[in-house]
Amino acid sequence: MKDSTRLRQKAEKILSAFPWTKYIFGWDILARITELLSNTQNEQIRHLALITNLHLRDKENYDRLLHHLKKITLEVSGPLPSAHPNTPVEDVLQLATTLKKLAPEAVLVASGGSGIDGAKAAIVLASLGGEIEDYFGQGKVSQLLSSQKTSFPPLFALQTAAGSAAHLTKYANITNWSTRQKKLIIDEAIIPQGALFDYSLTITAPLSLTLDGAIDGLSHSLEVYLGASENPHFPQLEEICLLGIELILLALPQVIKNPNNKEARFLLGLATDLGGYAIMLGGTNAGHLSSFALVDILPHGRACGLLNPYFLVVFSSVLPRQLKKLAELLAKHQI
């Protein structure tokens, strides 16, 4: 693919310096899960709770994961079911009850974005109690941790789908289907202590999930870029966002043609990770906010993809630099 080597190296350099958590990424690196879970004393984890549905989608890699976990853990409880798409609140509550009963020393979630969001919220509820509504908004988890002078078991994330970058972020989206409302927990306390993304795992993801994830990742970079004019990190954000968008423009058509295209899958993983980096430095805006109202109509990525062009037109008069840069990218890739 044209320019793929240069863009890939640039993305890898940026992600290697991701500052909020220990992050391991690459192709066919599942064995490095032992490195992720090892502490500074290299002691075994006595009791690990494993949250995943990977065994239902990819039995071979699930067995490989268990093989590696048994090298560094004395006891693995699970697999505990990860949350369904859009992270229904009922899944979170059930998982929280199970985690409270098990009282593991650490938790590993191997899932896509919804499953990771569910694990983030469940470990908070299991450790701190209360109602899920207590934690919606910004900084509520950290406030309670500080007031109670307590902590919760470390959460580690093994990402299995290119999309939300939940393994890298401070966000957990939770949906109450009875009210058709999606709400957010925003708190640096729920960033996984360590994350691993083996991009080869995405080959077994359904194409529909791949498409939705790619559009979600593109929407992260696009929305952050459009709203970043006054952000003190603007030069860094511009580089990250434009690179993430370009990688998706380059790789997604190739994945659609051939879902087993390893290079394109790798680039999509890098691109959506960059989207996660972007939302840690800036914020999404109207596209994501409005997409929450479509939770019962469209998958999240498609909802953002549908709405963002309209908002781009609305805000176009105050975004001359961003529009020029985006137009150059589209022209470069003949879109």
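## Helix α8

In this predicted model, helix α8 has 20 residues, which at 1.5 Å a residue should span 28 Å, and the 28 Å between its end C-alpha atoms agrees with that expectation. Because 14 of those 20 residues are buried, α8 is largely enclosed by the rest of the structure. The helix, which covers residues 207–226, also contributes to the lining of both pockets described below, with five residues in the largest pocket and five in the second largest.

## The largest pocket

The largest pocket holds about 1,100 Å³ of space. Its lining consists of 46 residues, and those that lie nearest the centre are N86, G112, G113, S114 and S164. By class, the lining is made up of 16 nonpolar, 25 polar and five charged residues.

Several helices and strands each supply at least two residues of this lining: the helices are α3 (54–57), α6 (113–128), α8 (207–226), α11 (286–291) and α12 (300–314), while the strands are β4 (106–111), β7 (171–176) and β8 (181–186). The largest share comes from α8.

## The second largest pocket

About 380 Å³ of space lies in the second largest pocket, which is lined by 17 residues, with L218, L222, L249, P309 and L330 closest to its centre. The lining comprises 14 nonpolar and three polar residues, and no charged residues.

Helices α8, α9 (234–257), α12 and α13 (320–332) each give at least two residues to the lining of the second largest pocket, and α8 gives the most.

## The six-stranded sheet

Six strands make an open sheet with parallel pairing, in the order β1-β9-β6-β4-β2-β3. Strands β1 and β3 (76–80) stand at the edges and have a single partner strand each, so one side of each is left without a neighbour in the sheet. From one strand to the next, the twist averages 15°.

At the β1 edge, strand β1 (residues 22–26) is mostly covered, with four of its five residues buried. The pairing of β1 with β9 (residues 194–198) is parallel and runs over five bridges, and F25 stands opposite F197 in β9. Strand β9 is also joined to β6 (residues 155–159), by four bridges and again in the parallel sense, with A157 standing opposite A195 in β9. Strand β4, which follows β6 in the sheet order, is among the elements that supply at least two residues to the lining of the largest pocket.

Technical notes: Residues numbered from 1 in each chain as written. Predicted model: local features only at pLDDT ≥ 70, side-chain atom pairs only at ≥ 80, totals over all residues. Heavy atoms only, no water. 1 Å grid on protein atoms, 1.4 Å probe; cavity = no way out; pocket = protein on both sides within 12 Å on 5 of 7 lines; lining within 4 Å. Points joined across faces, edges and corners; volume = space filled by probe spheres on them. Nonpolar A, V, L, I, M, F, W, Y, C, P; charged D, E, K, R; others polar. Expected span 1.5 Å × (residues − 1). Buried < 20%, exposed > 50% of the residue type's maximum accessible area, 1.4 Å probe, protein only. Pairing = 2+ DSSP bridges. Axes fitted to C-alpha atoms, helices over the stretch in contact; angles between N-to-C directions.
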